[in-house]
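Biologist: Please take a close look at a single strand and its surroundings, and explain how that part sits within the whole chain.

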Amino acid sequence: GDTAPRGAASTAAGNTVWVVDANRTVYVYNTGGVLLGSWTPGGLNPNAQLEGIATNGTDIWLLDNFSDKVYRYTGAASLLSGSQNAASSFSLVGGKSGNINPKGIVTDGTSFWVVNDGPSTDKTRDRVYKYTLAGATLGSWSIDAGNASPTGLTIDPTNVSNIWIVDNVSLKVYQYTGAATRTSGSQSASAKFALAAGNTNPQ
């Protein structure tokens, strides 16, 4: 059933992978790609469009593009079946130029980073927003002009410094060196690499 994945998350140990699908189900895999189980997140808007997932190894957070919210599922990293309602949620930065088209989320257990895909008429809104775990906004910054269709981001969990953002049109991953501490301005990618030939719809 995991035919429209919208985000993947793991811990620094990397021994489990959680994937959220457009069908509003979270699938759990081991490192060999074997399905361990799946569960249904509750408490979402009926029109929710899940676009990302993050974990600290205990809790699971889901990013909803429809309501522009992040939902927390306490202790859900151990779930392999059934369903669970969200324990809490927070709204992303709103307004005309806010974080209103979120496409990916990652956490180091202390902060969240959410990438926003701005409209083609205003690419300054292609930005990374940084939040506390409680949902307070720490700031945002503009990403590389070539990274104009961002659909996901990640960090190095063992050394939280660099941010990598995948692009759905250029089919490349862009590296932003030292960007984990950035909360304003803009930054160009210091490196980039092309995805494999079959990886044509990265999320």
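**A strand within its chain**

Modeller: For a compact globule of 203 residues, a radius of gyration near 17 Å would be expected, and the protein chain agrees with this, since its own value is 16 Å. The model is a predicted one. Along the principal axes, its C-alpha trace spans about 40 × 35 × 30 Å. The secondary structure consists of 17 strands and zero helices. Of the 203 residues, 45% are buried. Among contacts with a separation of 6 or more, 38% are between residues 24 or more positions apart. The accessible surface is about 8,900 Å², and carbon and sulfur atoms account for 49% of this area.

The part chosen for the close look is strand 6, which covers residues 60–64. Five of its five residues are buried, so strand 6 is largely enclosed by the rest of the structure. The word "buried" here stands for a relative accessible area under 20%. Which residues point to each side of the strand? I60, L62 and D64 point one way, W61 and L63 point the other way, and all of them are buried. Burial is therefore found on both sides of strand 6, and it includes D64 as well as W61.

Strand 6 has a pairing partner before it in the sequence. Strand 5, residues 50–55, pairs with strand 6 in the antiparallel sense, over five bridges. Within this pairing, W61 of strand 6 stands opposite A54. The two strands form a hairpin with four residues between them, and in the turn G57 has a positive phi of about 95°.

There is also a partner after it. Strand 6 and strand 7 run antiparallel and are joined by five bridges. D64, one of the buried residues described above, has K69 in strand 7 as its bridge partner. This pair of strands is a hairpin too, with four residues between them; here D68 in the turn takes a positive phi of about 55°.

Beyond strand 7, the chain offers a contrast in exposure. The loop between strand 7 (69–73) and strand 8 (83–85) contains L80. L80 is partly exposed, with a relative accessible area of 40%. Together with V34 and L36, L80 forms a nonpolar patch on the surface, and the accessible area of the three comes to about 240 Å².

A comparison with another strand is useful. In strand 15, residues 163–167, four of the five residues are buried, so this strand is likewise largely enclosed by the rest of the structure. Strand 15 pairs in the antiparallel sense with strand 14 (residues 150–155) over five bridges, and W164 of strand 15 stands opposite T154. Strand 15 also pairs in the antiparallel sense with strand 16 (residues 172–176), over four bridges. In that pairing, I163 has Y176 as its bridge partner. The hairpin of strand 15 and strand 16 has four residues between the strands, and L171 takes a positive phi near 55°.

Burial is also found in a loop. D126 lies in the loop between strand 11 (111–116) and strand 12 (127–132). D126 is buried, as its relative accessible area is 2%. Leaving aside residues up to four places away in sequence, D126 touches N116, D117, G118, W141, S142, I143, N147, A148 and P150.

To return to the chosen part: strand 6 has five of five residues buried, and strand 6 is paired in the antiparallel sense with strand 5 and with strand 7.

Terms used
Residues numbered from 1 in each chain as written. Predicted model: local features only at pLDDT ≥ 70, side-chain atom pairs only at ≥ 80, totals over all residues. Heavy atoms only, no water. Buried < 20%, exposed > 50% of the residue type's maximum accessible area, 1.4 Å probe, protein only. Pairing = 2+ DSSP bridges. Patch = residues over 30% accessible without salt bridge, like charges linked within 9 Å, V, L, I, M, F, W, Y side chains within 5 Å. Areas by Shrake-Rupley, 256 points an atom, 1.4 Å probe, with all protein chains shown as cover. Salt bridge = Lys/Arg side-chain N within 4 Å of Asp/Glu carboxyl O. Contact = heavy atoms within 4.5 Å. Rg over C-alpha atoms; globule rule 2.2 N^0.38 Å.
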